[in-house]
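Q: Could you take me through one part of this model in detail? I would like to follow the sheet and the helices that pack around it.

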Amino acid sequence: MEKIQHSHVQVRGLKLHVAQIGTGPKVVLFLHGFPEIWYSWRHQMIAVANAGFRAIAFDSRGYGLSDHPPEPEKANFKDLVDDVVALLDLLGINKVFLVGKDFGAVPAFMVAVIHPERVLGVITLGIPFLVPGPVGIQFDLLPKGFYVLRWAEPGRAEADFGRFDVKTVVRNIYILFCRSELQVAGENEEIMDLVDPSTPLPPWFTEEDLEVYATLYQNSGFRTALQVPYRCSQLDYGITNPKVTAPSLLIMGEKDYFMKFPGMEEYMKKGIVKQFMPNLDITFMPEGNHFVQEQLPEQVNELIITFLNKN
């Protein structure tokens with residue numbers, strides 16, 4: 001971990017926090033989800049660097065040690081796409097492997113669709129091919145108390161989270177999100193109420209890990225993090241007939257709650273997703289949950305490095 005180098009770089013008017021390790025000619029750019037951060041990729045960055053690649057992860061705008069945009073409530077996925085391209089330009093990187101987890105998969109897909117000339121390959125964890133917009137996930141089929149719908153309501157998550165310190169919020173979300181069932185609150189409860197305070201952290205997520213996350217989120221808060229992804233996923237980004245032609249890999253935990261989203265298991269297991277990603281390989285990990293890269297790092301690292309070496 002101490003070999004990972006940290007810096008702030010000016011990207012499109014904001015200072016973004018960037019972590020890097022490795023000096024290989026081929027570059028792997030890691031894109032985090034929520035409630036994640038650059039640190040979510042700690043195991044993969046070191047493994048990829050040891051395999052001869054240059055690994056880069058950054059805190060998305062408004063997350064961790066990166067600046068918030070001037071108007072966080074207007075932030076959207078196109079901002080993340082433009083940040084990725086601008087960061088590559090700034091660092092003098094022409095082509096890159098993109099690795100996205102959770103909502104970090106979305107800008108990975110969008111960059112591959114909009115800027116295919118910049119992409120050597122795409123790996124996503126926990127999310128099959130989706131581009132945001134009104135025809136994406138069938139939100140109308142999800143229970144009304146589902147966390148995605150609750151947190152999309154301006155002010156609701158802020159009030160829910162505001163009852164606790166940041167460390168407890170992150171702790172609760174990790175405990176909730178590593179379960180295999182959907183996170184649905186009843187009519188008279190909030191999402192944070194779904195976690196019994198006595199529930200221990202999962203064994204692969206230490207108190208030291210939690211402290212790192214808490215420190216980073218104490219710095220940034222949740223203002224931009226609730227906007228992107230939860231309050232901008234239904235915007236129309238003008239992407240028609242999307243297709244990713246780059247070599248691709250989807251790593252999916254069989255116990256990831258995302259498998260319970262309406263139609264998702266069929267979308268992946270029947271190969272419908274390959275209509276949009278014709279060069280896609282899919283690996284299902286029987287014990288994997290939503291945080292598979294932290295839960296089973298050695299297995300995930302092997303899958304990633306095998307893909308990188310092949311392409």
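Here is a close look at the sheet, followed by one pair of helices.

A: Happy to! Please keep in mind that this is a predicted model. Let's begin with the sheet, which is open and has 8 strands in the order 1-2-4-3-5-6-7-8, with mixed pairing. Strand 1 (5-11) and strand 8 (280-285) are at the edges; each has a single partner strand, so one side of each lacks a neighbour in the sheet. From one strand to the next, the twist averages 20 degrees.

At one of those edges, strand 7 (residues 248-253) pairs with strand 8 in the parallel sense, over 6 bridges. If you want a spot to find on screen, look for serine 248, whose bridge partner in strand 8 is leucine 280.

Now for the helices on the sheet. Helix 2 (residues 77-90) lies across strands 1, 2, 3, 4 and 5, and runs at about 110 degrees to strand 1. Helix 3 (residues 105-114) also packs on the sheet, where it touches strand 3, strand 5 and strand 6 (119-125). The direction of helix 3 makes about 155 degrees with that of strand 6.

Finally, the helix pair. Helix 6 (residues 166-177) packs with helix 7 (residues 207-220) at an angle of about 120 degrees, and their axes are 9 Å apart. The two are therefore oblique to each other, and their crossing is right-handed. Residues that meet here include Val166, Val170 and Tyr174 from helix 6, and Leu210, Tyr213 and Tyr217 from helix 7. By class, this contact has 7 nonpolar, 1 polar and 4 charged residues.

Definitions and conventions:
Residues are numbered from 1 along each chain as its sequence is written. This is a predicted model: local features need pLDDT of at least 70, side-chain atom pairs count only at pLDDT 80 or more; totals for chains, interfaces and linings use all residues. Side-chain values use heavy atoms; hydrogens and water are left out. Two strands pair if DSSP finds at least two bridges between them. Helices (H or I, at least four residues) and strands (E, at least two) are DSSP runs, numbered from the N terminus. Axes are lines fitted to C-alpha atoms, for helices over the stretch in contact, and angles run from 0 to 180 degrees between N-to-C directions. Contact means heavy atoms within 4.5 Å. Angles under 35 degrees count as roughly parallel, over 145 as roughly antiparallel, 65 to 115 as roughly perpendicular and the rest as oblique. A crossing is left-handed if the near helix is turned anticlockwise from the far one by less than a right angle, and right-handed if clockwise. Ala, Val, Leu, Ile, Met, Phe, Trp, Tyr, Cys and Pro count as nonpolar, Asp, Glu, Lys and Arg as charged, and the others, Gly among them, as polar.
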